[in-house]
Amino acid sequence: MYDRKTVRRRRAVLGLLVAGALILLTAYFGESAGGGLHSVQRGVFSIVSPIQDGASRALKPIRDAVGWVGDTFSAKGQLADLRKQRDQLRQNVASGEEALRENARLQGLLNLDTTLNLKQYSPVSARVIGVSPTVWFATVNIDSGTGDGVRTDMPVINDAGLVGKVSVAASDAAKVSLITDSSVQVSVRVAQSGVSGLVQASVGNPDDLLMRYTSKRDRVLPGQRVVTAGTTSSRLESPYPPGILVGTVTHVDDAGTDAQVVHVVPAADMHRLEFVQVLTRKLNGNRP
């Protein structure tokens, strides 16, 4: 332990140092700029300043490196945040565009219901949830089934025109055979002239519908519209109501002969089906 003399001695030294410092400060601030204490300060500064400058120059690369590392990490963090904001904005834009496109499709179906008075056929709207991977059997799956009143052989349309008919129906889904499937046949007529025939997809070329069984007296021209004929025979009932657009005539092979074949491009784009309607009610045997 410290004895009392040592403690008193240290207190005395501390007091002398404080008193000396006060005397020096008083003398420093009281003398003129050319006084002795100011001269001592300038001398000390002139000695220390080169040392400080050298140390500053020597440490500058280290400071710059530390600053560069800090700025780099900061910039990377800001870049990551900006990328997240960009991706979110892209997602928002894509979602908005998708909603607008779906709304346009649904509005088209509503307009079709009004134009062709399809409400009387009790249409059921459905979303396409699967497509056939081949061109030989063109089918799509929809998310409506028997629980919604969907049955086999019911006609299926979209906002552009005829799509096909239901070939398989489950409780909550159904398979639709498209008119571009070579196994599907549709009785049709030319809207402008009333010329009738039967449309079936060309094997191996589903985007080309062939209208057959016209005669040489039947004049069919490119650009004319082809629609469903409805039931034309008491022995053969059509599943399709009359007047639904099937497609447009592109050209005619062997025109003016009994062997003429009318080529029709489908009105509905079967490669981009999103929403469809199943006509669940039949009126008067679908007669025109």
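Begin by selecting Asn-141 and Lys-175: Lys-175, in β5, is the bridge partner of Asn-141. Helices (H or I, at least four residues) and strands (E, at least two) are DSSP runs, numbered from the N terminus, and two strands pair if DSSP finds at least two bridges between them.

The model on the screen is predicted: local features need pLDDT of at least 70, side-chain atom pairs count only at pLDDT 80 or more, and totals for chains, interfaces and linings use all residues. Residues are numbered from 1 along each chain as its sequence is written, and side-chain values use heavy atoms, with hydrogens and water left out.

**The whole chain**

Display the entire protein chain. Its secondary structure comes to two helices and 12 strands, and from the N terminus the order is α-α-β-β-β-β-β-β-β-β-β-β-β-β. Of the 288 residues, 31% count as buried; buried means under 20% relative accessible area, exposed over 50%, and partly exposed in between (1.4 Å probe, protein chains only). The accessible surface comes to about 18,000 Å², of which 57% belongs to carbon and sulfur atoms. Accessible areas come from the Shrake-Rupley method with a 1.4 Å probe, and for residues only the protein chains shown count as cover. Among contacts between residues at least 6 apart in sequence, 56% join residues at least 24 apart, where contact means heavy atoms within 4.5 Å.

**Strand β5 and its partners**

Return to β5 and select the strand as a unit. Four of its five residues are buried, which leaves β5 mostly covered. Four bridges pair β5 with β2 in the antiparallel sense. Next, add strand β4 (residues 162-169), which pairs with β5 in the antiparallel sense over five bridges. One place to look is Lys-165, whose bridge partner in β5 is Ser-177. A hairpin of four residues joins β4 to β5.

**The nonpolar core**

Select Ile-142, Leu-162, Val-163, Leu-178 and Met-211. Within the largest nonpolar core, which has 42 residues, these five touch the most other members. A nonpolar core is a set of buried Ala, Val, Leu, Ile, Met, Phe, Trp, Tyr and Cys residues joined through side-chain atoms within 4.5 Å. Then centre the view on Leu-178. Leaving aside neighbours within four places in sequence, Leu-178 is in contact with Ala-138, Thr-139, Val-140, Val-163, Gly-164, Val-184, Met-270 and Leu-273.

Move next to Thr-180, in the loop between β5 (174-178) and β6 (185-190). Is Thr-180 buried or exposed? Thr-180 counts as buried because its relative accessible area is 5%. Beyond neighbours within four places in sequence, the contacts of Thr-180 include Ala-201, Pro-206, Leu-209 and Pro-266.

**Strands β7, β8 and β11**

Select strand β7 (residues 196-202) and strand β8 (residues 205-212), which run antiparallel and are joined by five bridges. Gln-200 has Leu-210 of β8 as its bridge partner. The two strands form a hairpin with two residues between them, and Gly-204 in the turn has a positive phi of about 85°. Now add strand β11 (residues 261-266): three bridges join β8 to β11, and these strands also run antiparallel. Leu-210 has His-263 as its bridge partner in β11.

**Strand β1 at Ala-126**

Select Ala-126, which lies in strand β1. Ala-126 counts as buried because its relative accessibility is 3%. Not counting residues up to four places away in sequence, Ala-126 touches Ile-142, Asp-143, Ser-144, Glu-274, Phe-275 and Val-276. For a distance check, take Asp-148: Ala-126 and Asp-148 are 22 residues apart in sequence and 9.8 Å apart in space, C-alpha to C-alpha.

**Two loop residues**

Select Ser-122, in the loop between α2 (36-115) and β1 (123-131). Its phi is near 50°, a positive value in a residue other than glycine, and Ser-122 is partly exposed at 31% relative accessibility. Then select Asp-153, in the loop between β2 (139-142) and β3 (155-157). Asp-153 has a phi near 70°, likewise positive in a residue other than glycine, and is partly exposed at 43% relative accessibility.

**Last stop: helix α1**

Finish at Leu-22, in helix α1 (residues 4-30). Leu-22 counts as exposed because its relative accessibility is 52%. Add Leu-14 and Val-18 to the selection: with Leu-22 they form a nonpolar patch on the surface, with about 290 Å² of accessible area together. Patches are made of residues with over 30% relative accessible area and no salt bridge, where like charges are joined within 9 Å and nonpolar side chains (Val, Leu, Ile, Met, Phe, Trp, Tyr) within 5 Å. A salt bridge is a side-chain nitrogen of Lys or Arg within 4 Å of a carboxyl oxygen of Asp or Glu.
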